[in-house]
Amino acid sequence: MPEDRKYPNASLYVLILAAEEVMGKNGLAAVLKQVGLPMLAHKRPPNNLERQVPFSLYGKVQQAIEDFYGTRGSKAILTRVGRALFRYSLHEQSALLGIASLALKALPQNARVKLILNKIVKAGTEELSMPGEITDTDDAFVITRIACPCQFRQRDASAGVCDHVTIGTFQEALKWATGKNYRVYQTKNLNLGDDVDEFMVEKKPMDD
């Protein structure tokens, strides 16, 4: 059984905000009721950095969304939630993603990409209890981490990778930093027995 680490309260707070934006109040309420968490639709966690939210609870909310929409249908929903999560984190609690007071305007595009990814990976290690690292190949940045709330979700190989929220978060962060759209995909999954979660971020924007 993986270690049930703790997230900052603000992580669940912005996840709930993002899910409500994408699914609407009634949709979110239905999802949370399904997993016995109806109170979260009305009483959100505090917006602070105290680490009081178990990974298992955060993962349970994501699992509920997938169960509600189905494995295929939830992929787009959870990716949209991840994109909204970045925007809410930016305005509500920028320290969550390590982007407080981040200056990008003077940097070339490639430098912006590398900086924003490095900041998010560092914040994952220091603020979110998800130690990770970033390396790169000729064509892509490779992001790995050794812990994730998705370890507490139901998964089998036929369902494929599970962390579409993180994919959406990276996509929106890169769009915010560069004005371009980048392809992001998951290639390894702790929940399927891999030693790490691994995400690939292609260096060439899809717009070019």
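Here are some exercises on this predicted model, each with a worked solution.

Residues are numbered from 1 along each chain as its sequence is written, and side-chain values use heavy atoms, with hydrogens and water left out. Because the model is predicted, local features need pLDDT of at least 70 and side-chain atom pairs count only at pLDDT 80 or more, while totals for chains, interfaces and linings use all residues.

**Exercise 1. The sheet**

Work out in which order the four strands of the open sheet lie, and which strands stand at its edges.

*Solution.* Start with the terms: helices (H or I, at least four residues) and strands (E, at least two) are DSSP runs, numbered from the N terminus. Two strands pair if DSSP finds at least two bridges between them.

Step 1: take the pairs in turn. Five bridges join β3 to β4, and D136 stands opposite F141 in β4. Strand β4 (residues 140-145) is joined to β6 by six bridges, with T144 opposite E198 in β6. Four bridges link strand β5 (residues 184-188) to β6, where V201 is the bridge partner of V184.

Step 2: chain the pairs together. The order is β3-β4-β6-β5, with antiparallel pairing.

Step 3: look at the edges. β3 (132-136) and β5 each have a single partner strand, so one side of each is left without a neighbour in the sheet.

Step 4: add the twist, which averages 25° from one strand to the next. For the angles here and below, axes are lines fitted to C-alpha atoms, for helices over the stretch in contact, and angles run from 0 to 180 degrees between N-to-C directions.

**Exercise 2. Strand β6 and the helices across the sheet**

Decide how many of the six residues of strand β6 are buried, and find which strands α4 and α5 lie across.

*Solution.* Step 1: set the scale. Buried means under 20% relative accessible area, exposed over 50%, and partly exposed in between (1.4 Å probe, protein chains only).

Step 2: apply it to strand β6 (residues 197-202), where five of the six residues are buried.

Step 3: place the helices. Helix α4 (residues 109-126) lies across β3, β4 and β6, at about 155° to β3. Helix α5 (residues 164-178) lies across β4, β5 and β6, at about 145° to β5.

Step 4: pick a residue from α5. A173 belongs to this helix and is buried, at 1% relative accessible area. Contact means heavy atoms within 4.5 Å; not counting residues up to four places away in sequence, A173 touches F86, I116 and I120.

**Exercise 3. Two cores**

Find which element gives the most residues to the largest nonpolar core.

*Solution.* Step 1: define the core as a set of buried Ala, Val, Leu, Ile, Met, Phe, Trp, Tyr and Cys residues joined through side-chain atoms within 4.5 Å.

Step 2: look at its members. The largest core has 36 residues, of which L12, M23, L32 and V81 touch the most other members. Elements giving two or more residues to this core are α1 (9-34), α2 (55-69) and α3 (71-92). The most come from α1, with 14 residues.

Step 3: follow one member. Leaving aside neighbours within four places in sequence, L12 contacts L40, P45, V53, L57, Y58 and V61.

Step 4: note that another core lies apart from this one, with 21 residues, among them L104, I116, V121 and F199.

**Exercise 4. Cysteines and a buried glutamine**

How many disulfides are there, and how far from the sulfur of C148 is the nearest cysteine sulfur?

*Solution.* Step 1: a disulfide is a pair of cysteine sulfur atoms within 2.5 Å. By this rule the count is zero.

Step 2: check C148. The nearest cysteine sulfur, that of C150, is 3.8 Å away. C148 is buried at 1% relative accessibility, and C150 is buried at 3%.

Step 3: turn to a contact of C150. Q62, in helix α2, is buried with a relative accessible area of 3%. Beyond four places in sequence, Q62 is in contact with L78, C150, R153, D163 and V165.

**Exercise 5. A backbone angle**

Is the phi of S129 positive or negative?

*Solution.* Step 1: recall that most residues other than glycine have a negative phi.

Step 2: S129 has a positive phi, near 60°. This serine is in the loop between α4 and β3 and is buried, at 11% relative accessible area.
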